[in-house]
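The exercises below take a structural model apart step by step, each with a worked solution. Please look through the sequence and the coordinates before reading on.

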Amino acid sequence: MLALGIDTSNYATSISVIDYEKKQVVLNEKHFLTVKQGECGLRQQDAVFGHIKNLIEVLELVHSKFDLSDVQAVGVSVKPTNEENSYMPCFLVGKVISQAIKVVKNIPVIETTHQDGHLNSALFYLNNEELYNKKIIVFHVSGGTTDMILVEKGKIKDTVGSSLDLFAGQAVDRLGVKLGFSFPAGVYVSKMAAACDEKFSPKVSVKGLNCNLSGLENQCDKLIQQGYNNEYICKYCLSFIAKTLLKMAQNARELYGDLPIVFAGGVMSSDIIREIILKKLNNSYFVEALFSQDNAIGVAAVAARKVIYG
């Protein structure tokens, strides 16, 4: 079946169409919100306005490339996470568009969360039904979360670990902006880091299943002041994040046993982070960048599974 996904996060306006049975991404359009040079993010009213402008362009692109008449369900992220107090106005833009489509086409609209979207995007890519049917651990690591989540039968059951201060994506973006890159800066930081051959063994701050990352920002600031080159600093940053997540995962294995661990979210598209973790952590899964970064693929997958399986 064909499902349409809409995601209006604080980073990007995304629309995707997937063929769920064939496990194909039929169409994926994403426009980043415009952030002024030197700034790390947007106020919510600016994000809402940005999505409205972006959606006009994105919907025109979608219409020029694909006939939506065959779409059988619409998925839309309406808040960041499943937490009770989770709320961001920018997601209301996607909700409004989805309801308009529902009225015009009379097809089901399935509301979900941005975090569920990242989870289901990863599972859609992995195409492993066993992972849907068993208990797994999922890391959702992005600009707004550094969460370790227990998932069972494709549904989030509990957040068991997190960063207690700075999120990993925030650390990456703040470093990138300080180095002169545009926001969001993850792709530039990753590119710089790939040019460095240095190996790092940073002392990370992990207690149980939680971590602290504010020290990483301070350490990167010191490296900048000491005159290290961008490649060195960027790789140090990503290595620190990788070692932090690895320690959290190892602690989780001690508590929950050898559950499969899936790494999702924009920060997890880093090759450096993937390499460091996979060398030390068996029974773990990463996905291609397209399915890690902000997109509406997973949101569409949530809608498709809901219609197919109820």
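**Exercise 1. How many helices and strands are there in the protein chain?**

Solution. The model is a predicted one, in which local features need pLDDT of at least 70 and side-chain atom pairs count only at pLDDT 80 or more, while totals for chains, interfaces and linings use all residues. Residues are numbered from 1 along each chain as its sequence is written, and side-chain values use heavy atoms, with hydrogens and water left out. Helices (H or I, at least four residues) and strands (E, at least two) are DSSP runs, numbered from the N terminus. Under this assignment, the protein chain has 11 helices and 12 strands.

**Exercise 2. Compare the radius of gyration of the protein chain with the value for a compact globule, and state what share of its residues is buried.**

Solution. The radius of gyration is taken over C-alpha atoms, and the globule rule is 2.2 Å times the number of residues to the power 0.38. For 310 residues a compact globule would come out near 19 Å, and the protein chain agrees because its own value is 19 Å. Along the principal axes, the C-alpha atoms fill a box of roughly 60 × 45 × 35 Å. The next step needs the burial classes: buried means under 20% relative accessible area, exposed over 50%, and partly exposed in between, for a 1.4 Å probe and protein chains only. By that measure, 54% of the 310 residues count as buried.

**Exercise 3. Locate the salt bridge of Lys65 and Glu29, and explain what it ties together.**

Solution. A salt bridge is a side-chain nitrogen of Lys or Arg within 4 Å of a carboxyl oxygen of Asp or Glu, and the structure holds 10 of them. Side chains of opposite charge can pair when their charged atoms come close. In the pair asked for, the side chains of Lys65 and Glu29 meet at 2.5 Å, N to O. Lys65 lies in helix H1 (residues 44-65) and Glu29 in strand S3 (residues 24-32), so the bridge ties together parts that are 36 residues apart in sequence. The two partners fall into separate burial classes, since Lys65 counts as exposed at 54% relative accessibility, whereas Glu29 counts as buried at 10%.

**Exercise 4. Which residues are linked with Glu217 in a network of salt bridges?**

Solution. Begin with Arg174, whose salt bridge with Glu217 has its closest N and O atoms 3.2 Å apart. Because Arg174 lies in helix H5 (residues 168-178) and Glu217 in helix H7 (residues 214-225), this pair ties together parts that are 43 residues apart in sequence. Continue with Lys178, which also forms a salt bridge with Glu217, here with the closest N and O atoms 3.3 Å apart. Lys178 again lies in helix H5 and Glu217 in helix H7, so this second pair joins parts that are 39 residues apart in sequence. Arg174 counts as partly exposed at 29% relative accessibility, and Lys178 is partly exposed with 43%. Taken with Asp221, the residues Arg174, Lys178 and Glu217 are linked in a network of salt bridges.

**Exercise 5. Examine the backbone for a cis peptide bond and for positive phi values.**

Solution. Most residues other than glycine have a negative phi, and most peptide bonds are trans. The peptide bond from Phe183 to Pro184 is cis, with omega near -5°, and Pro184 is found in the loop between H5 and helix H6 (186-194). Asn127, in the loop between helix H3 (114-126) and helix H4 (129-133), has a positive phi near 50°. Lys153, in the loop between strand S7 (146-152) and S8, likewise has a positive phi, near 55°, and Lys153 is exposed with a relative accessible area of 60%.

**Exercise 6. How far apart in space are the C-alpha atoms of Val189 and Cys234, and of Ser14 and Asn295?**

Solution. Val189 is placed in helix H6 and is buried, with a relative accessible area of 0%. Its C-alpha atom is 5.5 Å from that of Cys234, although the two residues are 45 apart in sequence. Ser14 lies in strand S2 (residues 12-19) and counts as buried at 1% relative accessibility. The C-alpha atoms of Ser14 and Asn295 are separated by 5.3 Å, with their positions 281 residues apart along the chain.
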